[in-house]
Amino acid sequence: MIRTQLRRLVLDNGLRILLAPNPVGASVGVAVHYGVGFRTEPEGRTGLAHLFEHLVFQGGRDAAPEGYLPRVQRAGGFGDARTRQDVTVYYAAAPASALEMLLALEADRMRSPGISERTLRTQTAVIDEEIRLMVRNRPYGAFPWVLPRVLHSRAENTRDGYGESADLAAFDVPLCERFFADHYGPGNAVLTLTGAFDPAAAERLVRGHFEDLPARPPVAAPDTHETLPDRERRLTVTDPHAGPHAVAVGYRMPDPVTERADYLAHLVLAALLGQGRQALLRRGPAAAAKVSSLSVGCGLFGLPLDTTGPDLLTLFAVHEGEQGAEDVLASLDGTLEALARDEAEAGLLRATTARWAAGALRELGTPGTRAQLLGLREALFGEAELTLALPELVRTGVTGEQVSRAAARLASSHRAVVRFAPAEAAAGVTERAAREQAAA
């Protein structure tokens, strides 16, 4: 486990603060996680959480007219934001001398983002362009969004982060102001500081900038619980931008809170299946499909432990020919059955867990990413320490027997299977696609 001294504070207005000082280096990271994501959106308001990420990122009223990002960049830093299923995060990294400026900017937009009809329409247009570039006009752009829609039943669990264009066009300033009041108060936020700062001095700065923000009780998070799928569900997507055929597979992950050990075993299983040159799915029937691209991971965005609701282990493979999908599935099924029957070879397991842990450690190497990941697990689970412990938990804490149980669980579970057919193959798959969609 990485050794660092974490310190927690809670202000009277409910803001939770996590301090993670590191005397090495000369930069700081700041992240604010709000307990709102695209699962939180009201019915008929898809895309509102992501739109709000864009609106708030522009900065609060005090940042106008220059805006948030130019001020951070002028100080030698960078900033960005992301919307997940259950949280939205705003983060930045800059030289340590800019810490107070970063805190002032975050407090400013937590107090009052400058939302106007002009900024609303501008950011709606930006998101429309994102959807066009990243989903509609991108090869296999429906991945990974289509998998939850096929596998899950509750509306909250089937949404994608972008939303529907018709919903986006209908949003107005009063709606955004209500959304801000409901979800962007200090009582629904975690502020994380990492890097080169003195904890006592940082606490004084935090109190000075955030203590006077009024408390606003957050709206309760939606219930996203749902039962496991009762059957395999299939769908064929005709993709006019795809070259070769592709197949995507989604399995439900164990619960990250009540089934933590099983969850971690699935992380290792995913790495064994599809990561590195020794990946098990690069052998056997999958080789016959001439797979040109293969990825297997945990979490809708490839980041584990980033939601408390139903989440997926996903596989995506680009292959030759329509039949190649069945070869990939046969290889997947055969490999899972073999791992369930016989534990993975000890040397391969050690190499896989060591590689996974090394990658997780590299992610913690910069203050900006460190602030994101510490704050993420603090916001979701109240366990920032989980981020620090995760590399060693995976490297030494997951056994071959646990991985075998994880493989047996997937081998016997119901999954989502989505085929991506290129345009020239559309005529040949139309009839089957209609049958699959009718059965879904």
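At what angle do the axes of helix H10 and helix H15 cross, and within what distance do they come? I shall begin there, with the reminder that this is a predicted model. The axes of H10, residues 260-274, and H15, residues 384-397, cross at roughly 60° and come within 11 Å. The crossing in which H10 passes H15 is right-handed. On the H10 side the contact involves Arg260, Leu264, Leu267 and Val268, which meet Leu386, Leu390, Leu393 and Val394 of H15. By class, the residues of this contact are seven nonpolar, no polar and one charged.

Let me turn to arginine 260, which has its place in helix H10. Is arginine 260 buried or exposed? Its relative accessible area is 19%, and because the limit for burial is under 20%, arginine 260 counts as buried. Setting aside residues up to four places away in sequence, arginine 260 touches Asp255, Leu305, Phe381, Glu383 and Leu386.

One of those partners, leucine 305, deserves its own remark. Leucine 305 has a phi near 55°, a positive value in a residue other than glycine. The residue sits in the loop between strand S9, residues 293-298, and strand S10, residues 312-319. Leucine 305 is buried, at 0% relative accessibility.

A second residue with this backbone feature is tyrosine 140, whose phi is positive, about 60°, although tyrosine 140 is not a glycine. Tyrosine 140 belongs to the loop between H4 and H5. With 13% relative accessibility, tyrosine 140 is counted as buried. The loop between helix H4, residues 117-136, and helix H5, residues 146-151, also contains proline 144. What is the geometry of the peptide bond from phenylalanine 143 to proline 144? That bond is cis, with omega near 5°.

I move on to the sheets. As general background, the strands of a sheet pair through backbone hydrogen bonds, either parallel or antiparallel. In one open sheet, five strands follow the order S7-S11-S8-S10-S9, and the pairing is mixed. The edge strands are S7, residues 233-239, and S9, each of which pairs on one side only. Direction ignored, neighbouring strands of this sheet are turned against each other by 10° on average. Within the sheet, S8, residues 245-252, and S10 run antiparallel and are joined by eight bridges. Alanine 246 has valine 318 of S10 standing opposite. Which helix packs on this sheet? Helix H12, residues 324-341, does so, touching S7, S8, S10 and S11, the last of these spanning 416-422. The direction of H12 makes about 35° with that of S8.

There is also an open sheet of six strands, in the order S1-S2-S6-S3-S5-S4, again with mixed pairing. Why is one side of S1 and one side of S4 left without a neighbour in the sheet? Strand S1, residues 7-10, and strand S4, residues 78-83, stand at the edges and each has a single partner strand, so one side of each has no neighbour in the sheet. From one strand to the next, the twist averages 15°. S1 and S2, the latter covering residues 16-21, run antiparallel and are joined by four bridges. Opposite arginine 7 stands leucine 19 in S2. Helix H14, residues 367-381, packs on this sheet and touches S1, S2, S3, S4, S5 and S6. The direction of H14 makes about 30° with that of S3, which covers residues 27-34.

Next, valine 173. Valine 173 is found in helix H8, residues 173-183, and is buried, with a relative accessible area of 15%. Apart from neighbours within four places in sequence, valine 173 is in contact with Ile115, Ser116, Glu117 and Leu120. How far apart are the C-alpha atoms of valine 173 and glutamate 106? They are separated by 21 Å, with the two residues 67 places apart along the chain.

I close with the cysteines. How many disulfides does the structure hold? The number is zero. Among the cysteines, cysteine 176 is buried, with a relative accessible area of 0%. Cysteine 298 likewise counts as buried, at 4% relative accessibility. Thank you for your attention.

Methods
Residues numbered from 1 in each chain as written. Predicted model: local features only at pLDDT ≥ 70, side-chain atom pairs only at ≥ 80, totals over all residues. Heavy atoms only, no water. Disulfide = S-S within 2.5 Å. Buried < 20%, exposed > 50% of the residue type's maximum accessible area, 1.4 Å probe, protein only. Helix = DSSP H or I, 4+ residues; strand = E, 2+ residues; numbered from the N terminus. Pairing = 2+ DSSP bridges. Axes fitted to C-alpha atoms, helices over the stretch in contact; angles between N-to-C directions. Contact = heavy atoms within 4.5 Å. Left-handed = near helix turned anticlockwise from the far one by under 90°. Nonpolar A, V, L, I, M, F, W, Y, C, P; charged D, E, K, R; others polar.
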